[in-house]
Amino acid sequence: MLIWITGLAGAGKTTIATALYEKLKQKYNNWVLLDGDCFREVMGQDVGYDLNSRKIMAKRMSRLCKYLTDQGIHVICATISMHKEVHEFNRKAIKDYYEVLVDVSMENLIKRDKKELYSRVLKNEIYDVVGMDIPFDKPEHPSLVIDNNIMDNLDFKVQKILNVIKL
Ligand SMILES: Nc1ncnc2c1ncn2[C@@H]1O[C@H](COP(=O)(O)OP(=O)(O)O)[C@@H](O)[C@H]1O
Ligand SMILES: [Mg+2]
């Protein structure tokens, strides 16, 4: 099984994915958590953040997810990676594929802005930020949309995912 948790930077992907992983790990030992930022570190930061580099990275994650799920390892993958072709690849390649969109409005993301990504784009200090100068394909067929405009009810949001997946 692959649970692909997507959303823009600061939406709450890592938080929700980690809480889900902790919960599943208590019961089953064949779960792996793959987080976009950690994956970049593991890969050695050989590509950047422009659209093409992001696609390269997303495809690597997808292929690794397939490789693992083919061996009976379940994967939770938390990553922005909002590319239609990647979502389509996942859906085709992996039988038990769930796509979870952690949805937060751009207005709230800009207010939140923990990593100061959005404010720095607005000040023209940086670029290559998804949702600002980098376009994204919002999932067309998500298995679940989690409204995380208010950062609360983490357990409830994790439970929503558990209710959707067929273990
Ligand atoms: N449902 C939630 N409950 C509590 N804190 C949350 C929740 N969602 C997000 N947060 C907080 O918001 C911040 C950004 O979340 P994070 O998971 O790092 O986002 P992302 O991985 O999508 O960039 C973190 O500081 C996290 O603690
Ligand atoms: Mg994260």
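Start with the whole chain in view: for 167 residues, a compact globule would have a radius of gyration near 15 Å, and the chain has 15 Å, so the two agree. This is a predicted model. Along the principal axes, the C-alpha trace spans about 45 × 35 × 30 Å.

Switch to a cartoon view. Seven helices and five strands make up the chain. Followed along the sequence, they come in the pattern β-α-β-α-α-β-α-β-α-α-β-α.

**The sheet**

Select the strands next. The five of them form an open sheet with parallel pairing, in the order β2-β3-β1-β4-β5. Look at the edges: β2 (31-35) and β5 (144-147) are the edge strands, each pairing on one side only. From one strand to the next, the twist averages 15 degrees. If you turn on side chains here, keep in mind that in a regular strand they alternate between the two faces of the sheet.

Now zoom in on β1 (residues 2-6) and β4 (residues 97-103). These strands run parallel and are joined by five bridges. To find one of the pairs, pick leucine 2 and look across to tyrosine 97, its bridge partner in β4.

Stay with β4 and add β5. Four bridges join β4 to β5, and this pair also runs parallel. Select leucine 101 here; its bridge partner in β5 is valine 145.

**Helix α3 and its neighbours**

Select helix α3 (residues 51-69). What does α3 lie across? Beneath the selection you will find β1, β2 and β3 (74-78), with α3 running at about 165 degrees to β3.

Add helix α4 (residues 84-93) to the selection. Two packed helices are described by the angle between their axes and the distance between the axes. The axes of α3 and α4 come within 10 Å and cross at roughly 10 degrees. An angle under 35 degrees counts as roughly parallel, so α3 and α4 are roughly parallel to each other.

Show the side chains where the two helices meet. On the α3 side, select Ala58, Lys59, Ser62 and Lys66; on the α4 side, select Val86, Phe89, Asn90 and Ala93. Coloured by class, the residues of this contact divide into four nonpolar, two polar and two charged.

**Around ligand 1**

Finish by centring on ligand 1. How many residues surround ligand 1? There are 14, and the closest are Gly12, Lys13, Thr14, Thr15 and Met151. By class, this shell has four nonpolar, six polar and four charged residues.

To see which helices take part, select α1 (13-27) and α7 (154-164): each supplies at least two residues of the shell. Which element gives the largest share of the shell around ligand 1? That is α1, with three residues.

Key
Residues numbered from 1 in each chain as written. Chains lettered and ligands numbered in written order. Predicted model: local features only at pLDDT ≥ 70, side-chain atom pairs only at ≥ 80, totals over all residues. Axes fitted to C-alpha atoms, helices over the stretch in contact; angles between N-to-C directions. Parallel < 35°, antiparallel > 145°, perpendicular 65-115°, else oblique. Contact = placed C-beta atoms within 7 Å. Nonpolar A, V, L, I, M, F, W, Y, C, P; charged D, E, K, R; others polar. Pairing = 2+ DSSP bridges. Near = placed C-beta within 6 Å. Rg over C-alpha atoms; globule rule 2.2 N^0.38 Å.
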